Amino acid sequence: MNLHRKGRAALVLALVVVVAMAFRVSWNALRDIAGTIGADDTAATLYPFVVDGLMALALIATLVLAGRDRTFALRVLAAYTVASLVLNYVHGLVPELHGRSVDWGRLADWDPANWALVLLATSLPVGSIYFGSDLVAKVLHHRPAPITAPTANAEESTNTERNRSSSDLVVSTPAPITPNVTALPRAVAVGFLKSTIPAKPMQGIERPTVTPIERRAVAAESSRPRRATGRVPEVARTPRPKRRPDELLDEARKATVDWPDAKLTAEGIRREVRTSPANARALRDTLRAERGLQVA
């Protein structure tokens, strides 16, 4: 692991050295081009940083970004690489640019080519501001996707699923029977092998689906007697035997024999004998008359 890190560090360091040397080679060409299109000494000195510096920024952005943003960074890198190549090519074709002895704003003898080259050289600083700001914003707002660590039981779960899928097959082929040829005579063994019939696939037996029995809630029986919630219908009532007036009078006499005169009322007789209010009043009057009391 330590050797791997050292190798990566050495590779990055070599890339930095190569880029620095390439930047120094391209320095004179871009500086002379900047002086030809009207830049002063300070601006001409900073001009190579505008072109080649944005190329380095776009290269770093391609290593960080992903998806469409990475494609955009690659396009910016390609565009500025081509622009730097064209300017270096023009610098090599026009020797007068080395000593800055050409006319101001003149990069080619043919006017359309000169206009295109001047437009290219002057638009690169503006493009660096726009594309550089956009790339920096994309890098700052980039959120790398989380890397999920591989589970330790990934291979084991794969084998389990594979075994499970093979055991769930409806049609299963039995293993062929291998006879013990060495234990049999040669003629019998050859005849047995010729008459062996290849096994055919057997259809699996479908298991009947079992419907689960639903459990229903049963109300618990109460030990207390239930009260009547309303009048009992006439059909459910037990008819009482009808008593004659003399029988009612005998029962009333026996029930009220020890009663004082003040307690001898129709309501008390009705409750005791359990008869109708009319019969109770009639029995009261009869008993009061027998006691010599005034009938109410």
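A residue is called exposed when its relative accessible area is over 50%, and buried when that area is under 20%. With those cut-offs in hand, here is a short tour of this predicted model.

**View 1. Arg274 sits in a loop and has a positive phi.** Welcome to the stretch between helix 9 (266-273) and helix 10 (277-290), the loop that holds Arg274. The relative accessible area of Arg274 is 58%, and the cut-off is 50%, so Arg274 is exposed. Its backbone is worth a look too: phi is about 60° at Arg274, a residue that is not a glycine. For background, most residues other than glycine have a negative phi.

**View 2. The whole chain is built from helices.** Stepping back for a moment, the chain has ten helices and zero strands. Reading along the sequence gives the pattern α-α-α-α-α-α-α-α-α-α. Of the 296 residues in the chain, 20% are buried. The exposed surface of the chain comes to about 23,800 Å², and carbon and sulfur atoms supply 61% of that area. Among contacts between residues at least 6 apart in sequence, 63% join residues at least 24 apart.

**View 3. Ser84 is a buried residue of helix 3.** Ser84 belongs to helix 3, which covers residues 68-93. With a relative accessible area of 7%, under the 20% cut-off, Ser84 is therefore buried. Who keeps Ser84 company, once its neighbours within four places in sequence are left aside? The contacts of Ser84 are then Ser26, Leu30, Val51, Asp52 and Met55. With one of these, Asp52, Ser84 also shares a side-chain polar contact of 3.4 Å.

**View 4. Leu13 takes part in a nonpolar surface patch.** Four residues, Leu13, Val17, Val18 and Met21, form this nonpolar patch on the surface. Together they have about 380 Å² of accessible area. Leu13 lies in helix 1, made of residues 2-36. Is Leu13 buried or exposed? Its relative accessible area is 56%, which is over 50%, so Leu13 is exposed.

**View 5. Leu59 of helix 2 is shown with Val76.** Helix 2 spans residues 41-64 and includes Leu59. The relative accessibility of Leu59 is 33%, so Leu59 counts as partly exposed. Along the chain, Leu59 and Val76 are 17 residues apart. In space, 9.1 Å separates the C-alpha atoms of Leu59 and Val76.

Notes: Residues numbered from 1 in each chain as written. Predicted model: local features only at pLDDT ≥ 70, side-chain atom pairs only at ≥ 80, totals over all residues. Heavy atoms only, no water. Helix = DSSP H or I, 4+ residues; strand = E, 2+ residues; numbered from the N terminus. Buried < 20%, exposed > 50% of the residue type's maximum accessible area, 1.4 Å probe, protein only. Contact = heavy atoms within 4.5 Å. Areas by Shrake-Rupley, 256 points an atom, 1.4 Å probe, with all protein chains shown as cover. Patch = residues over 30% accessible without salt bridge, like charges linked within 9 Å, V, L, I, M, F, W, Y side chains within 5 Å. Salt bridge = Lys/Arg side-chain N within 4 Å of Asp/Glu carboxyl O. Polar contact = N/O pair within 3.5 Å; in protein donor to acceptor, adjacent residues only side chain to side chain.
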